[in-house]
Amino acid sequence: MKAVVLDTDDRYRVAELDEPTPGPGQVAIRVAYAGIQWGDTMVRDGHFAVPRPFVPGFEAAGHVVAVGAGVDARRVGTPVTALTASGAYAEVVLAPDPLTFDIGGMPLRTAAGLGWGAPTAYDLINTAARVRPGEHVLIHAAAGSVGTLAAQFARLAGAGRIVGVVGTADRADYAARFGYDRLLLRKEFPANLGDEKPDVVLDPVGGSTRTTGLEQLAPHGRLVAYGNLATYEPVRADTNDLLMHGKSLLTYNSNLLSRTHPERLADSARRALGLVADGKVRMDITAEYALGDLAMAVQHLAEGTTHGKSILRIA
């Protein structure tokens with residue numbers, strides 16, 4: 001089979017590999033499309049310690065072609081989307097059965113865009129922050145795949161006001177399509193917030209953005225940290241100060257959740273998938289790349305020149 005390999009020289013190359021065989025609790029998927037996500041930049045740049053050569057790719061959509069022991073054989077032939085530990089940038093990938101989801105009549109291309117971003121966005125709003133009706137939500141990286149979904153989930157949860165923060169004016173124009181009440185440029189945050197005090201802040205940025213976000217929270221507000229786009233430097237918070245104002249600093253890690261409580265992640269993924277299938281939430285795929293163009297795709301994501309969701313065409 002054809003697969004993209006991240007080699008010991010940190011370069012991607014298309015190679016011929018043997019097709020993998022599913023083990024107990026696994027399914028093999030013939031991949032049509034694979035989602036591209038921030039984890040790809042982290043693997044490329046060495047923030048995740050993985051042995052090289054390595055077949056990357058963490059999100060796949062296609063048809064089940066084989067199952068391992070303990071998996072219902074009736075899954076063979078089913079169109080699915082799956083969350084994988086690796087290997088999605090290949091013609092066949094193995095995925096855990098609990099994190100492989102039937103998609104019914106949803107197009108495979110759309111399903112590939114759901115990936116880890118859909119359950120992450122769903123959980124940020126509904127599980128971690130627990131957004132209440134009428135609350136004010138502020139979302140950083142508002143034009144990204146998680147941000148655009150989170151805005152829609154926040155609206156469904158009854159948020160009264162949703163503000164997004166983006167890096168450029170064109171990203172603000174794009175994010176405005178997803179229900180934000182207001183968009184701020186990163187350089188305008190927090191000065192142009194004025195007297196607004198968000199009840200919830202979703203922060204994948206880190207560093208000074210995280211510190212400022214905590215300062216801006218309304219009493220009883222919650223900041224959910226779920227990444228470090230800007231820096232891995234630690235952010236220190238005064239718990240006494242948080243306590244005095246009823247503020248909370250929370251974290252969300254979908255990768256960890258997939259290993260500790262996969263059933264929780266699976267439940268959120270199914271709920272998100274259902275909302276997309278019902279047309280209540282829109283999945284927007286803005287770029288599609290060929291197998292040999294993965295290096296370009298990951299670089300575009302790292303540079304922040306993409307918005308919405310990018311996918312890789314496998315079949």
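These are my notebook entries on the interior, the empty spaces and a few single residues of a predicted model.

**Entry 1. Nonpolar cores**

I began with the largest nonpolar core, which has 87 residues. I asked which of its members touch the most others, and these are F153 and L202. For F153 I then listed the contacts, leaving out residues up to four places away in sequence: A118, A121, Y122, I125, N126, A272, L275 and V281. I also noted a second, separate core of 12 residues, with V165, L223, A225 and L242 included. In soluble globular proteins, nonpolar side chains tend to be buried together.

**Entry 2. Cavities**

I next looked for enclosed space and recorded two cavities of 30 Å³ or more. The largest cavity has a volume of about 70 Å³. I found its lining to be T81, A82, L83, F101, L114, G115, A118, P119, A269, A272 and L273. Strand 5 (79–83), helix 3 and helix 9 each give two or more residues to this lining. By class I recorded nine nonpolar residues, two polar and no charged ones. Two names recur from my first entry: A118 and A272 line the largest cavity and also touch F153.

For the second largest cavity I noted about 40 Å³ of space. Its lining consists of S145, T148, L149, F178, R282, M283, D284, G308 and K309. Helix 4 (residues 145–156) provides the largest share, three residues. Here the classes divide into three nonpolar, three polar and three charged, whereas the lining of the largest cavity has no charged residue.

**Entry 3. The second largest pocket**

I turned to the second largest pocket, where about 170 Å³ of space lies. I listed D123, T127, T251, Y252, N253, L256, L257, R264, D267 and S268 as its lining. Helix 3 (117–128), helix 8 (254–260) and helix 9 (262–277) supply at least two residues each. Which helix gives the largest share of this lining? I found that helix 9 does, with three residues. By class, I recorded three nonpolar, four polar and three charged residues. Helix 3 and helix 9 thus appear in my notes on this pocket as well as on the largest cavity.

**Entry 4. Helix 10**

In helix 10 (residues 294–303) I marked L294, A297, V298 and L301 as buried. Why do they lie on the same side of helix 10? They do so because they cover an arc of only 95 degrees around the axis. I then looked up what covers these buried residues, and the cover includes strand 1 (2–6), strand 2 (12–16), strand 3 (26–36), helix 1 (38–44), strand 14 (285–290) and strand 15 (309–313). G304 follows helix 10, and I noted its positive phi, near 75 degrees.

**Entry 5. Two single residues**

I located E135 in the loop between helix 3 and strand 8 (136–140). Is E135 buried or exposed? I entered E135 as buried, because its relative accessibility is 10%, and the cut-off for buried is under 20%. Apart from its neighbours within four places in sequence, E135 is in contact with R130, G158, A159, G160, R161, D199, V200 and R222.

M244 I placed in helix 7 (residues 239–245). I entered M244 as exposed, because its relative accessibility is 69%, and exposed begins over 50%. Last, I checked M244 against H220: the two are 24 residues apart along the chain, and their C-alpha atoms are separated by 9.7 Å.

How values were computed. Residues numbered from 1 in each chain as written. Predicted model: local features only at pLDDT ≥ 70, side-chain atom pairs only at ≥ 80, totals over all residues. Heavy atoms only, no water. Core = buried A, V, L, I, M, F, W, Y, C linked by side-chain atoms within 4.5 Å. Buried < 20%, exposed > 50% of the residue type's maximum accessible area, 1.4 Å probe, protein only. Contact = heavy atoms within 4.5 Å. 1 Å grid on protein atoms, 1.4 Å probe; cavity = no way out; pocket = protein on both sides within 12 Å on 5 of 7 lines; lining within 4 Å. Points joined across faces, edges and corners; volume = space filled by probe spheres on them. Helix = DSSP H or I, 4+ residues; strand = E, 2+ residues; numbered from the N terminus. Nonpolar A, V, L, I, M, F, W, Y, C, P; charged D, E, K, R; others polar. Arc of directions from axis to C-beta.
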